[in-house]
Amino acid sequence: AGWKVDQVKAYDMFPQTSGNTTVWQGHDGEDYEVFAYDFTSVMQLSDNDTSDHHPQVCGRYVVWSGNDGNDDEIFLADITTGTVTQLTKNHYVDHNPRISGHGVVWHGDYGNDCEIFLARYDSDGDGVPDDIDACPDSDLRATVFIGAVDTGIENVLFDDGATIADLIMMCWLSSPDLKTFRKELRCLIN
């Protein structure tokens, strides 16, 4: 016994689950799109004029193959923000993505050869893959803000993926009181 996740009368297929999220491809009346269910509601992750298929989920991320108008490419969605990123843009067919941890793998079909590809993803867009990023959700504003106040100080991004604003926030969160925060902040500046 079970229950229907999606109450729409359509061709729903290729379900996959991770934690509290289930994903599948479903027909929207025109083509196949990618959907997710988190035990509270159904979310449509793709909405275009071409078919999206074979979704996979890991945590808050969903990957699938979808046609970009030329051939199939790989897409990644963050279900907490609704952001969709096209991971591939090339001239061959990319199929069957799989996701685990901070990596996405798939096969690319050149027509006379297939190869396996791997991409690590970067959820905050700072250029540092999440699995080695000191702050995977960095504050990437151009200047440092303390609360709502713009200090005008350049918010430098360091090689490890942390920004000055991130380091200040870490000091704030780890300080039991204002006096300790000021001391930690002085150490950070010097």
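Start by selecting Cys135, which is buried at a relative accessible area of 10%, where buried means under 20% relative accessible area, exposed over 50% and partly exposed in between, computed with a 1.4 Å probe and protein chains only. The model is a predicted one, in which local features need pLDDT of at least 70, side-chain atom pairs count only at pLDDT 80 or more, and totals for chains, interfaces and linings use all residues. Residues are numbered from 1 along each chain as its sequence is written, and side-chain values use heavy atoms, with hydrogens and water left out.

**Around Cys135**

Cys135 sits in the loop that runs between β11 (114-120) and β12 (143-146); strands here are DSSP runs of E with at least two residues, helices are runs of H or I with at least four, and both are numbered from the N terminus. Display its contacts, meaning heavy atoms within 4.5 Å, and, with neighbours within four places in sequence left aside, you will find Asp124, Asp126, Gly161, Ala162, Asp166 and Met170. To move on to the next stop, draw a distance from the C-alpha of Cys135 to that of Ile79, a residue 56 positions away along the chain, and the separation is 19 Å.

**The largest nonpolar core**

Ile79 belongs to the largest nonpolar core, whose 10 residues are Val23, Val34, Ala36, Leu45, Val57, Val62, Trp64, Phe75, Ala77 and Ile79; such a core is a set of buried Ala, Val, Leu, Ile, Met, Phe, Trp, Tyr and Cys residues joined through side-chain atoms within 4.5 Å. Colour β3 (32-37), β6 (61-67) and β7 (72-78), each of which supplies at least two residues of this core. Then select Leu45, which, not counting residues up to four places away in sequence, touches Val34, Phe35, Ala36, Val62, Trp64, Ile79 and Val84. A second core, separate from this one, has nine residues, among them Val63, Leu76, Val104 and Tyr121.

**Two residues with positive phi**

Go next to Phe14 in strand β1 (residues 12-18), which has a positive phi of about 60° although it is not a glycine and is partly exposed, with a relative accessible area of 39%. Asn96, placed in strand β9 (residues 93-100), is another non-glycine residue with a positive phi, here near 50°, and its relative accessibility of 31% makes it partly exposed.

**Thr151 in β13**

Select Thr151, in strand β13 (residues 149-154), which counts as partly exposed at 34% relative accessibility. Apart from neighbours within four places in sequence, Thr151 is in contact with Val144 and Ile146. A polar atom of the Thr151 side chain lies 2.7 Å from the backbone oxygen of Val144, and a polar atom of that side chain lies 3.2 Å from the backbone nitrogen of Ile153. For a view across the chain, include Thr22, which is 129 residues from Thr151 in sequence and 43 Å from it in space, C-alpha to C-alpha.

**Helix α2, then the whole chain**

Helix α2 (residues 178-189) has 12 residues and reaches 16 Å from its first C-alpha to its last, close to the 16 Å expected at 1.5 Å a residue, the expected span being 1.5 Å times one less than the number of residues. At its N-terminal end, Asp177 acts as a cap, with a side-chain oxygen 3.2 Å from the backbone nitrogen of Lys179.

Zooming out, the secondary structure of the chain comes to two helices and 13 strands, and the C-alpha atoms fill a box of roughly 60 × 45 × 25 Å along the principal axes.

Technical notes:
A polar contact is a pair of N or O atoms within 3.5 Å; within protein, one must be able to donate a hydrogen and the other to accept it, and residues adjacent in sequence count only if both atoms are side-chain atoms.
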